[in-house]
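New to this one? Take a moment to look over the sequence and the model, and then we'll walk through some places worth a visit.

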Amino acid sequence: MINYSLLLKLGWKPFFQQQLTIEEYETSLCVRVVEQHRSELVVSNGQDVFKVPILKSTPEIVVGDWLLLDHENRLLRVLDRKSKFERKSAGTKIQKQLIASNIDTAFIVSSMNDDFNLSRIERYLALVHSSEADAVIVLTKSDLCEEPSRFVADVQNLDPLLSVVAVNALDTESISALSSFIKTTDTVCVIGSSGVGKSTLINTLTNGNMLATGSIREDDSKGRHTTTHRSLILLNSGGVIIDTPGMREIKITDSEEGISKTFHDIEKLSENCRYKDCQHQQEPGCAVKQAVIQGKLDQRRLDNFHKLVRENDLNSATLAQKRAKDKSLGRFYKKTLSESHKLKGR
Ligand SMILES: Nc1nc2c(ncn2[C@@H]2O[C@H](COP(=O)(O)OP(=O)(O)OP(=O)(O)O)[C@@H](O)[C@H]2O)c(=O)[nH]1
Ligand SMILES: [Zn+2]
């Protein structure tokens, strides 16, 4: 029988419970994926940590997923995801890759120094907004900054409803301001550019205790022992953090909805453009350009909006082209195969 009370500290929610049948509740095992390797998944039921092999028939599974297993720890099914983070695969391969799932809140980390960049924050916001997770902007290095409130105000200016917190990521007391954004059954992820303080923040949040879901030592191919990176971390104060390497190099793709939510002020203004399909470039009667002239909208914000839309269109188009190509290639193989069978008289 599934023990819900053990699952709660792993981020279990009514959303997942509602997906179970009574039979599944009575006969199966429910676990969360805490690590992902090439040939196996490391999962936890809130008490024990164990491994589930990845077979040819195993569907795409990522850290954060909830799985139902039978009593021999074989996969029955993956529960529907509450949210998911995807990215365009790195390199020349054009494919979408799932990198983490079931995240309630994403901490977008940015440091209050020369690296501070509103356009980059907007880019991360568009990403988070297309994942179904909530966004919180965490501004680090407050101890090294003369006027943190100026940075907070700049970010708040992007959207008055945004949650923005300034912290010294090295200091436990300072980051306690984040606790109201980490509910005990919530799953949080931390994203942002290199060097902004993501690891420092996670370390302080976990008091340096990164192995709370249990530690597993693994043999690598040469028979050496390596301690693997734990991707799903339990917080002593309740709540879960997901920190996978993939989360750190995520790019915009299929994020139209996220861009639209992030720049809802521009969307709102565009309702008054003369042309319905106005691109807010050189068209007459453009309400968005007018707002820039009147000082109601930053030229920087409009430029970044255009840039992200272009980038998203490009990535999404190549993805769509690849999908179409794969489909027609699949039909070609099928046809060739059936013709060769016909020739052989089968
Ligand atoms: N003074 C101060 N230093 C900080 C703060 N946050 C991070 N640092 C320092 O900044 C440097 C980079 O922090 P990391 O936590 O490694 O940054 P990261 O975002 O994890 O970087 P990557 O692993 O490259 O993605 C480290 O030397 C930290 O000690 C802060 O709030 N105050
Ligand atoms: Zn316009």
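What follows is a short tour of the two ligand sites and a few individual residues. Keep in mind along the way that this is a predicted model.

**Around ligand 1**

Let's start with ligand 1. Its shell has 17 residues, and the ones that come nearest are D143, A169, S194, K198 and T200. What kinds of residues make up this shell? They split into five nonpolar, eight polar and four charged ones. Helix α7, which runs over residues 198-205, gives the most to the shell, with three residues.

Some of the pairings with oxygen atoms of ligand 1 can be listed side by side:

| Residue | Atom on the protein side | Distance to an oxygen atom of ligand 1 |
|---|---|---|
| G195 | backbone N or O atom | 2.8 Å |
| V196 | backbone N or O atom | 3.3 Å |
| K198 | polar side-chain atom | 2.8 Å |

How much of ligand 1 does the protein cover? On its own, ligand 1 has 660 Å² of accessible area, and the protein covers 70% of that.

**The zinc ion**

Ligand 2 is a zinc ion, and four residues hold on to it: C273 through SG, C278 through SG, H280 through ND1 and C286 through SG, at 2.1 to 2.4 Å. Along the chain, these donors follow the spacing C-x4-C-x1-H-x5-C.

What is the geometry of this site? It is tetrahedral, with angles of 105 to 116 degrees among the four donor atoms. For comparison, the ideal angle for four tetrahedral donors is 109.5 degrees.

Are the cysteines C278 and C286 buried or exposed? Buried means under 20% relative accessible area. C278 has 10% relative accessibility, so it counts as buried. C286, at 7%, counts as buried too.

**From strand β7 to strand β8**

Next stop: a stretch of chain that can be followed from one strand into another. Strand β7 covers residues 96-101, and S101 is part of it. S101 has a relative accessible area of 0%, so it is buried. Its side chain makes a polar contact of 2.6 Å with the side chain of D65.

N102 sits in the loop between β7 and β8. At 3% relative accessibility, N102 counts as buried. The backbone is worth a look here, since phi of N102 is near 55 degrees, a positive value in a residue other than glycine. Most residues other than glycine have a negative phi.

On the other side of that loop, T105 belongs to strand β8, residues 105-111. T105 counts as buried as well, with 6% relative accessibility. Now look from T105 to C286, one of the zinc donors. Their C-alpha atoms are separated by 36 Å, and the two residues are 181 residues apart along the chain.

**Another positive phi**

E132 also has a positive phi, near 80 degrees, and is not a glycine. Where is E132? It lies in the loop between α4 (118-129) and β9 (134-140). E132 counts as exposed, because its relative accessibility is 51% and the cut-off for exposed is over 50%.

**One last residue**

Finally, find V31 in strand β1, which spans residues 29-36. V31 has 0% relative accessibility and therefore counts as buried. How far is V31 from V292? The two are 261 residues apart in sequence and 51 Å apart in space, going from C-alpha to C-alpha.

Terms used:
Residues numbered from 1 in each chain as written. Chains lettered and ligands numbered in written order. Heavy atoms only, no water. Near = heavy atom within 4 Å. Polar contact = N/O pair within 3.5 Å; in protein donor to acceptor, adjacent residues only side chain to side chain. Areas by Shrake-Rupley, 256 points an atom, 1.4 Å probe, with all protein chains shown as cover. Helix = DSSP H or I, 4+ residues; strand = E, 2+ residues; numbered from the N terminus. Nonpolar A, V, L, I, M, F, W, Y, C, P; charged D, E, K, R; others polar. Donors = N, O, S within 2.8 Å, 3.2 Å for Na, K, Ca; no water. Tetrahedral: all angles 85-135°; square planar, octahedral: opposite > 155°, others 65-115°. Buried < 20%, exposed > 50% of the residue type's maximum accessible area, 1.4 Å probe, protein only.
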